[in-house]
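Student: I would like to take a close look at one single part of a structure, and then see how the rest is put together around it. Could you guide me through it slowly?

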Amino acid sequence: MSNSGRWRTVFRKEFSEVWRERRSLFQLVLMPLLITPLLLAGVGKMTRSRIDDARKESVTLGIVGAKNSRLVEELIAGQNAAQTRVSFRPVGTRAEAEAAIQKRDLRAALVVPADAETAVEESRPIDLILLSDQGSDESQNAADSARKLFDKFTTVVVTRRMQAADLPMQTAEPLRLVEKSVAGGGGAGMMMLTTLLPYILSLSAILGGVGVAFDAVAGEKERGTLETLLVSPVARRELVLGKFLTVSAIALVNSVFSVVGMLWPFYVKLPMFAWMAAGGLKLSGGAIAALFFVQMPVALLGAGLLLTISTLSRNQKEAQGYLAPLMLVMSVASMMTVLLKTESPLWWALVPVTNSGLVLKQALSGIVNPTFVAVACGASLLYAALAIFYARTVFEKESVLLKA
Amino acid sequence: MGWTPKPSRSSPRVFNQKFPTAWPWGIFSVLVQLPGFLRYKNPVIEVVGLSKVFSDKKSGPKKAVDGVSFTARPGEIFGLLGANGAGKTTTLRLLATILTPSSGTARIDGFDIVKDSQKVRERLGYLTGSAGVYERLTARQVLHYFGELYGMDLAQRTRRIAELTETLELSEFLDRRCDKLSTGQKQRVSIARSVLHDPPVLFFDEPTAGLDVMAARTVVRFIKSCREMGKTVLFSTHIMSEVEALCDRIAVIHDGRVFADGTLQELRAQTGVQAFETVFLRLIGVNE
């Protein structure tokens, strides 16, 4: 074997060694392939049932000043008689309504001004005040119901004014919106994929290699095997290359399983995934290629950073300590993809990790922006090269390498 | 029951150097090896004024090894005797090219430790008491891995592993994962790993540290067998009994400097005492 090919031996040994541990199989295969989709299905099901419960739940809205308006009285009577889930309770004053909302006796309340009836007759605008608790989901749901009531109230007032002015009813309704869902455009699951997948993949491309990276140098220091490697004829650059490629490959494997784990629920008709798969999955070949392609520079960057941490640490425990700040930064960078718009300004393509997440988000949304993709990939490769260079520099430092 | 290593039939060689033996190459091979044979008359380890300074941000520069010089010849066990922190391990690491010297030179089997570091490492077997093995691999896989790193092809590795399995009695656990092995068995795997490429020079850095009596005896016997095989052995320890049992010549090292070197008899004569512990203390300037 040529002296320059020994990194292959290191890579082959390290890569195959990873799969000898049950823990690796669990973390790298079982977790992304089974546990993550099952967790998502569980969380999704819980969210859906909560939304359904909220829809079915009866809501009591307070109305202040109902006695001042015959119109409001009629509206309330009509609503209550229809036996919908929204019922109304007259409240004396605004202060009483506020106190009731604070005590959670009421979820929200609508304050009708004292001159409402006169204003309707005189064609003056009427200011209704909606009281709700911004920090409570239930209160906000009730406020939504109040808004719908407000729309109805508006329609009734407009109708009255139209009749008074002897105008045809069509004048009040110049436009009509007809909503139709398009089959195969993707439903809740597709929306979840677009939001969550870039985040999960960016993280898994980096964090998938943590265990391997820490074992590769800090672990070898701990076990006393690193010194035996250093006295072998293998050049240090080859050692670091073999280990670096192992970490990158494992991170990529983890990413691939994460992608597969997020996609298979759409194709397997299981009841628990029904809510996800309901709208179908519209994923082009280009989007799937992008899923895998943009992971590579992120995995390389992560491998470089993790190996550097591993080399700087005396043991795996110390490396775990250094990992916390990196995790935080990476999580924030990944989280940005959830918060940012799909078509963000070009300079976001320079931000590591976030840029790959955005490319994924765009691909999942059917958007292909070659400039953004090129800048994002170029920048990520540059950061990865810097990380590898730094990892190698640290690995050459004898004071760091023999620290124990 | 103790284990006694059987001397290997093979002569010291490096696996990357292959000499054909069939006629007419047999004659050529002898001619080529002749200078090597002559070379073994001379020291295989030559250390001249070797120093290593570590820089520390808090305490400033620290001279761990200070102008160390000595030589060792084939078939000789040369001991580096010193207390913990005396500079023994740093000296061995410098000679093994893990560290770069601040000043001074050293040649191993004719190769400079700085200019020809890879050649030096090819000719070197290195065993420490703290050396571990890859727990998830079997003993056989560990040996194949290191054999590959030393540039041995599959046939060479297979043959050499078979030889060492017989010599070191590894057959019982050769295909068992290393995390299932006892400390003594792991140490035997480490020994096999260090001599797999049949190096002419062997470094042992406190090889019995942390071992029980039986495992330590195995190591000591193996080191003795290396002398019989004509290897040049550099043995670092702080245990007087091991020095007396093993070493042909000794360098007493303290605070990074060699205070004296010679045979056991020469050092006893120099200090005028018989108990070797007292010899050591007198040489480093401690009077009881």
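Student: Where in chain B does Glu206(B) lie?

Tutor: This is a predicted model, in which local features need pLDDT of at least 70 and side-chain atom pairs count only at pLDDT 80 or more, while totals for chains, interfaces and linings use all residues. Residues are numbered from 1 along each chain as its sequence is written, and chains are lettered from A and ligands numbered from 1 in the order in which they are written.

Glu206(B) lies in the loop between strand 7 (201-205) and helix 7 (213-228) of chain B, where helices (H or I, at least four residues) and strands (E, at least two) are DSSP runs, numbered from the N terminus. Its backbone deserves attention, since phi of Glu206(B) is positive, about 40°, although the residue is not a glycine. As background, most residues other than glycine have a negative phi. Glu206(B) is also buried, because 21 other C-beta atoms lie within 10 Å; a residue counts as buried with 20 or more such atoms within 10 Å of its own, as exposed with 12 or fewer, and as partly exposed in between, with C-beta atoms placed from the backbone.

Thr97(B) makes a useful companion, for it too is not a glycine and has a positive phi, near 65°. Thr97(B) is found in the loop between helix 2 (88-95) and strand 4 (103-108) of chain B, and it is buried because 24 other C-beta atoms lie within 10 Å.

Let us now turn to the partner chain. Chain A has 17 helices and four strands, and buried residues make up 40% of its 404 residues. Across the interface, 18 residues of chain A are in contact with 24 residues of chain B, contact meaning that the C-beta atoms of two residues, placed from the backbone, lie within 7 Å. On the chain A side of this interface, helix 1 (6-18) and helix 9 (226-230) each supply at least two residues, and the largest share, four residues, comes from helix 1 of chain A.

Helix 1 of chain A also packs against helix 10 of chain A, at an angle of about 35° and with the axes 8 Å apart; the axes are lines fitted to C-alpha atoms over the stretch in contact, and angles run from 0 to 180 degrees between N-to-C directions. Among the residues that meet there are Trp7(A) and Phe11(A) from helix 1 of chain A, and Leu245(A) and Ile250(A) from helix 10 of chain A.

Helix 10 of chain A leads us to the interior, where the largest nonpolar core has 145 residues, of which Val247(A), Val142(B) and Ile223(B) touch the most other members. A nonpolar core is a set of buried Ala, Val, Leu, Ile, Met, Phe, Trp, Tyr and Cys residues joined through C-beta atoms within 7 Å. The largest share of this core, 11 residues, comes from helix 10 (residues 236-267) of chain A. Leaving aside its neighbours within four places in sequence, Val247(A) is in contact with residues including Val212(A), Ala216(A), Leu306(A) and Leu307(A).

Finally, strand 3 (residues 108-111) of chain A is joined by four bridges to strand 1 (residues 59-64) of chain A, and these two run parallel. Four bridges also join strand 3 of chain A to strand 4 (residues 129-132) of chain A, but this pair runs antiparallel; strands pair if DSSP finds at least two bridges between them.
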